[in-house]
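Visitor: I am new to this structure and should be grateful for a close look at a single part of it, namely chain A. Please describe how that chain is built and how the other chains meet it.

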Amino acid sequence: MDHAPTTLIGDALNRVDGPAKVTGTAMYAGDYKIEGGISEGYIVEAPVGPGRITKLDVSAAENADGVIAVLTYRNAPAQKPYGTPEDEGRFTQSHAVLENDQVRHFGEPVALVVAETLEQARYAASLIEIEIEPGEGVYNPLEHRDQEEQPESVDGLSEVDTYEGDFDAEFAGSDFTVEASYFTGAQHSAAMEPHVTVAQWDGEKLTIHMAIQIIASAVSAFANTLGIDEENIRIISPFTGGGFGSKLGVHNEAILAALAAKHCGCAVRVAQTRRNVFANGPHRSRHLQELKLGAGKDGKLKAIRHYSLASMARNYPFAEAPASPTRASYSANAIHTIHRVVKADIPKVDSMRAPGEAIGTLTFETAIDELAEKCGIDPVEFRLINEPQADPTSGDDFASRRLVECIRTGAEKFGWSGRVKPGSRREGRKLIGHGMAVAIRPNTLSPASAEVSLTADGRLTARLDMTDIGTGSYTILTQIAAETLSIPADRITMELGDSSFPTTAGSGGSFGAASSGSALFDACNSLKSALGERLAQAGVTANAFTIKGEKIVAGDREIALADILDQDGLQAEGSVDPDNHGNGKAEYSYGVQFAEVEVDADTGELRVRRMVGVFDAGRILNRKTARSQLMGGMIFGIGGALLEESLVDDRYGSFMNRDFAEYHIAVNRDVPDLDVNMLDGYSKGSNPLGSKGIGELGICGAGPAIANAVYEATGVRVRKFPIHLEDVLDQLPAL
Amino acid sequence: MYPLHLTVNGTAHDVEVDPRRSLLDLVRETLNLKGPKKGCDHGQCGACTMIVNGRRINSCLSLALSHEGDEVTTVEGLADGEELHPLQQAFVEEDAFQCGICTSGQLCSAAALIDEIKEGLPSVVTGQDPVELNDEEIRERMSGNLCRCGAYNNIVEAIRSAAGEQR
Amino acid sequence: MKPFEYDRLENSHDLSAVANGRYLGGGTNLIDLMKHQIETPDVLVDVTRAGMDTIEQRDGAVLVGSQVSNTDLAAHPLIRKHYSVLSTALLSGATQQLRNKATTGGNFLQRTRCQYFYDTKRACNKRQPGSGCDAMNGLNRFHAILGESENCIAVHPSDMAVAMAALDAVVLTRKPDGSERRIPAADLHRLPGDRPDLDHVLEQGELIVGVELPEKPPKLQAYRKVRDRSSYAFAVVSAAVALDVEDGQMRNVRIGLGGVAHKPWRASKAEAALEGKAPDTALFMQAMREEMADATGHGHNDFKITLAPRVVVSMLKQLTGLGEN
C-alpha cells in the first residue's frame, strides 16, 4: 500500500479538516438535525437595565401561530442563583437567566419564545409587552471614577498591581518624559458564527450541541446552573465558527436552550441574532490608560507607570490587564503597573483576543515611540537600548527571548530607514508614514489529557475534548501523533470536541496547542513504549519503528500489527501537568511589527499599505496554519487601530452599533500585503513540544505600529482608539 | 403557505413556504443543506452567499418566494462529485480559511467573481479600464464576505491561483 | 417579521389591483427592516418581474427601468461612458452581492442607517412619530449637518441618489389611478421638518417605474466616498461633482453631497458661486464655505463641516487639473 509520507511537526500540512470545510459538510452547532425536529427559541431582550420588570404580558405571544411556549422568570425551570458557587471561576459558576423580575443590564433576556419555526418565534417575540422600572445604572467608568476599586485579580497575571523601584524619584530624575492619557473603545470579538446552542433532554440526560472554546468548564456551568450532575451532561462541539475569547464560557442562549428544552420536552435551538451577540455575549471594556514614562539622555528608561481603568460587569469578576506588556517589555529602574475597575451595570466584560496586550501594547508602545522621539533616538534603536536581561518586574530569567533578533530581522525586511519628519513623506495625495512596535504575550500551559488507540488495520484514533475554533487543532494534533508514532497522517483520526473525551484546557489564551498537544504527545509516547514492549515480546528489539499500512517496520523486520495487538488494538493515555514545566522562568512569546500607512492629505482617510511581522513563538507546529493565525492577528490589529469600537449610549448603557454595517471589522480591501515571518526555534522547558502560544501574538504590537505610522504621516499623536479621519483632519495640509 | 418551485444545485424542488422564509432559511431548514451559514441574517457579512441565476446574492435578505423558477447554487453544488472545484482545492492549499464558518460564502462569491471578470462587469477600482483579474479587484470584489479569522490574504491567493488554472 | 400576503405584479402599467401593497424590489433594505419590524407591510407586491428592467436611449436621454439592478446599471456601456459619476457611485455602494439584488428604484427608497432608527428600543421620530430623537444628544457621528430639524438629524444613505441628483436625473412614477409623474431626483426626498417619518414625496401605491438621465451631461464627472472602511461602508461624507470647463470657465457645475442631510444635498450655493468662473483652489474653498454657512454640528459630526468642503475642493482640483490623484 502506498501512503503519504509521514508528516513531521512544523510541516506546512494542509488542514486535515479542510475538505470538510470547503464542501460545507463540517458540522457546526447550528447545523445539527435531530430526530423529531428542533424547535426554535427567540430571545426577547430587556430594553434597559438595571431595573425591575413591572409588566410582562406574554398572552398574545403564547397564542400566536406555531408558538410552543413562552419562557419567562415566572415559568422557567429551577436554577441555582447566578454566580454561585461563589468560589468557582466565572466560567463554571451558575449562569442563570430568567431568574426573577430583576434586570441586570440592557439586552438581558426577559423571555424566550419557542415556536415550530424561526419566523413564528421571531414574530411572536414582538407581541410581548414589557415595562421596566429603571434603576440607577453605572455605565461609563470614566464618569464614576469615585467608585474605582482594585479588582481581586486581573486576567492572566498573578499580581493586580506591581510597584518595582521608586517611580517618583526616577521620573523626577528623567531627562525626557511622556505623560499622557489614552482611551480605547469597547470592542466585540464578533466571531462570524453567532453564539448558538441546541439542547435536548432524554430523562435526566442533557445533550448539548454548542459553539464553545472550552468544553469542560461549560459542562460545569450547565451543572452549576441547572443543579444537575456533570455525568448527565454531554457537550458536542467538533467545529466552532470562531471564538476570539467570546466563546470561552457559556452565554445566555445556552442556558435558555437547556431550560426551554426541559420545559417544552423537545429539542430546542437558540441562535443568538447578530444584535443579540452584542449584549448576550461578552465584550472588551472601554479603558482609560494613563502612562508616565521617563528616560535619561542616553535613552535608557528610568521610570514607567501604567495605570488602567475599566468596567467590570457587576457580579461577573473579570478585569483585563493592559499593563501586562508593560511589566516585561523593557528594562527600567522603576516600573509601576496599576489596574482599577468600576463595577458597571452592563453586559459581561470578558476576554477578547489578546486580552491585556491588544490594547496594552496599543497605548504603551505608542508612548514608547513618543519618548524615543523626545530622546532623539530612533524607535528601533530605543528598544534595543532598553532590552532587559531578566524579567524587569519579577526578576526571573526568561525561558527564551529572541526579541532583539525579531526587531533586527523585521527592520531589515521592512526596509526601516529611520524616522523622517512627520508629514514629510508624500506620494501624490497620500501622506505616508512608517511605524513600528514590539509584540509580547505571556505563554502559558494548562493541564490536559488525551487518549490514543492503535488498531490492527494500522489506524490511530486520538480523542480529547480539545476544540477547533479555526486554530488548526485537528491538523497540528495529527502532526504530533504522526511524528511521534511514525505513522502516516492519513491513517490518523483525530476526534475532538466531545465532553466524553479526556479533558483539556480547550482553546483560549494561546495555550490550546501547547496544552492539548503536549498531552497527546505524552499519550503517543506511552503508546510507543507499549508497542516497543509488544515488539520485544515478539522477539524484536528496536530503537525505532514505523507504522506502514497494517504492519510495523523495525529495521529490516516487518511484523503484522495484528500479531502484536489485542483484539481491540492497543490504547494509551497521556497528560501534561504545568507544574512540571516552566521552572520559574518568565514565559513570553515575542515579536515586532512594522507598518506603512497612507493618509489622504485632503480627507484624512487612513489605510494600511503594508506590514511586516517577525515573531518568536518557539517551535512552530505547522508553518502554514501558524502563519495564518499570525496574519489573522495582524488584521485584528488593523481593526483595533482604525476600525473597531462598540459605541455605548451612556444614557441607556446600551451598545448602539450592534451589527456588521456599523461595527466595522476589516474587510478584504482593508488588508494589504502582510509579510509574516517566524523565527522557528525550540523553547526549552516551556512544554514538552517546545512551542509557544501563537493565536494572540499577531495582534500585539500591530495596532501601535499603525498608530506610530499615522503619527509619522500626519504629525498627530492620536490618543484615542480607533483612530478616525476626524482625529487628523484639522492637522492636514491646507488645500 | 405558498407554493414555490426552484432548482438548487441541479435538483428541482416543489415546496410550500411561509412567505416570511428567506432563501437562506429555505435552503438550510426546509431543504437541509447546511453549507450556507447565517452570520448576521441582514446582508452584512456574506456567509450566506449563494449564486442565483449566475449572480451571487445574500440569501438571507431574499424572500424564498421571490425565487420562483430560479436556479440556485450553494457550496454543496460547487464540487463535481468527489472532485473538489478548483477554488475549493485552492482554498485548502492556500489555507484560505480558519474556522470555516464564512467559507461557503467566500467560495460562492469567488466562483461568481471569476465569472463577473469574464463578463466584464466593473468594480469601483476598475475605472474606465477593461476589467482584469488582479489583487486590487479581488480584494474589492471580495469585501462583501467578512472573515473574522483574517484569512483575506490567503483567499486572494487562492482565487488568483484557481482563476489561473481555469484559464 | 409580521405575517403578510405576497403578491407578484405582472404588468407595471396596471397598478389598480395592488394599490394597498408595499412594493418589493431587490428587498435588500426592506427585508432587513421587516425582520426588525421597523417595516410591517400587510401586503407585499413583488415588482421585479413586471418589466421595467431595460436601459434604452430615447431622444438622447437614457431611460433606466426601475428594476434594473445596481450591477447592470453600473456596468452599462452608456452609463460608464457618459454618466461615469453614476457608475462610480453605484459601485461605491454596498457589495457585489447586494448590488446584484438591489434595484434602481429601490436604491432611492432605502431608509436611513441611523442607529436609533434601527434600535426599536430607542426614541426615533422617523420610526415612531412623536417618540423623540435620541440621536440629537446621542451618538451622531454619521448624522446630518444641513437641512435637519429638531425632530430628526438622520441622513439618507444612498450613493446612487447623490449622483442622480447631481446629474439632474428625473424619477418617473406611476400611480394606481394610471397617472404619471416626473420628479427631479433632487426633489424626490424631503427634508425632515416635522414629518421625519416621510423620507420622500411618493404617495401610497405610487411606483417608481424608471429614471430618465438627461442628454449631454457635463463631461467632467467624479464621485468620491469618504468612509472608515475602504469598502462596504456607508459614507461619512460623499460627493458627486460634474462640470464642464469651456474656454477656461466652469459651466454646468453640479455638486451633490451625501452623508450630510436627510436627502441628497445639491450644493446650489456653491454651484452658483463657481458657475462661469475660472478654476481656482481658493475660489473652490470659498464656494464650499458659503455652502456650509448654515451647517450645524451635533457633537460627534462637527468635523463634517470641515470635511465636506475639503472633499469637494479636492475633487474640483482633480477634475480641473489643479490637483493630484
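Guide: The following account treats chain A as a whole, then some of its parts, and then its neighbours. The model is a predicted one.

The overall form of chain A comes first. Its secondary structure consists of 17 helices and 30 strands. The C-alpha trace of chain A extends over about 80 × 75 × 50 Å along its principal axes. A compact globule of 735 residues would be expected to have a radius of gyration near 27 Å, and the value of 27 Å for chain A therefore agrees with that expectation. Of the 735 residues in chain A, 63% are buried. The contacts in chain A also reach across the sequence: of those with a separation of 6 or more, 82% are between residues 24 or more positions apart.

Chain A is further divided by its domain assignment. Domain 1 comprises 18-26 + 446-580, domain 2 comprises 32-132 + 197-280, and domain 3 comprises 287-444 + 584-729. Between the C-alpha centres of domain 2 of chain A and domain 3 of chain A the distance is 37 Å. These two domains do meet: 18 residues of domain 2 of chain A are in contact with 21 residues of domain 3 of chain A. On the side of domain 2 of chain A that touches domain 3 of chain A, eight residues are nonpolar, six are polar and four are charged.

Two helices of chain A may be examined in turn. Helix α6 of chain A, residues 252-264, has 13 residues. From its first C-alpha to its last, α6(A) reaches 18 Å, close to the 18 Å expected at 1.5 Å a residue. Eleven of the 13 residues of α6(A) are buried, so the helix is largely enclosed by the rest of the structure. Among these buried residues are A:N252, A:E253, A:I255, A:L259 and A:K262. Just after α6(A) comes A:G265, which has a positive phi of about 70°.

The other helix is α15 of chain A, residues 623-642. Its 20 residues should span 28 Å at 1.5 Å a residue, and its end C-alpha atoms are 29 Å apart, which agrees. Because 18 of the 20 residues of α15(A) are buried, this helix is largely enclosed by the rest of the structure.

Among the strands of chain A, six form an open sheet with mixed pairing, in the order β7-β15-β14-β13-β8-β30. The edge strands are β7 (162-164) and β30 (720-721) of chain A, each of which pairs on one side only. The partner of β7(A) considered here is strand β15 of chain A, residues 334-344; the two pair in the antiparallel sense over three bridges. Within β15(A), A:I335 stands opposite A:E164.

The neighbours of chain A remain to be described. Where chain B meets chain A, 45 residues of chain B are in contact with 45 residues of chain A. On the side of chain B that touches chain A, the elements giving two or more residues are α2 (86-93), α3 (103-119), α4 (135-141) and α5 (152-166) of chain B. The residues on that side of chain B comprise 19 nonpolar, 14 polar and twelve charged.

Chain B itself has five helices and five strands, and along the sequence these follow the pattern β-β-α-β-β-β-α-α-α-α. A compact globule of 167 residues would have a radius of gyration near 15 Å, and the 16 Å of chain B agrees with this. Taken along the principal axes, the C-alpha atoms of chain B fill a box of roughly 45 × 35 × 30 Å. Of the 167 residues in chain B, 66% are buried.

Chain C also touches chain A, and the contact takes 28 residues from each of the two chains. Both α11 (281-291) and α12 (304-319) of chain C supply at least two residues of the side of chain C that touches chain A. The largest share of that side, six residues, comes from α12(C). The side of chain C that touches chain A divides into eleven nonpolar, nine polar and eight charged residues. In the domain assignment of chain C, domain 1 is 5-48 and domain 2 is 220-319. The C-alpha centres of these two domains of chain C lie 35 Å apart.

Notes: Residues are numbered from 1 along each chain as its sequence is written. Chains are lettered from A and ligands numbered from 1 in the order in which they are written. This is a predicted model: local features need pLDDT of at least 70, side-chain atom pairs count only at pLDDT 80 or more; totals for chains, interfaces and linings use all residues. Domain bounds come from an automatic or database domain assignment. Helices (H or I, at least four residues) and strands (E, at least two) are DSSP runs, numbered from the N terminus. The radius of gyration is taken over C-alpha atoms; the globule rule is 2.2 Å times the number of residues to the power 0.38. A residue is buried if 20 or more other C-beta atoms lie within 10 Å of its own, exposed if 12 or fewer, and partly exposed in between; C-beta atoms are placed from the backbone. Two residues are in contact if their C-beta atoms, placed from the backbone, lie within 7 Å. The expected span of a helix is 1.5 Å times one less than its number of residues. Ala, Val, Leu, Ile, Met, Phe, Trp, Tyr, Cys and Pro count as nonpolar, Asp, Glu, Lys and Arg as charged, and the others, Gly among them, as polar. Two strands pair if DSSP finds at least two bridges between them.
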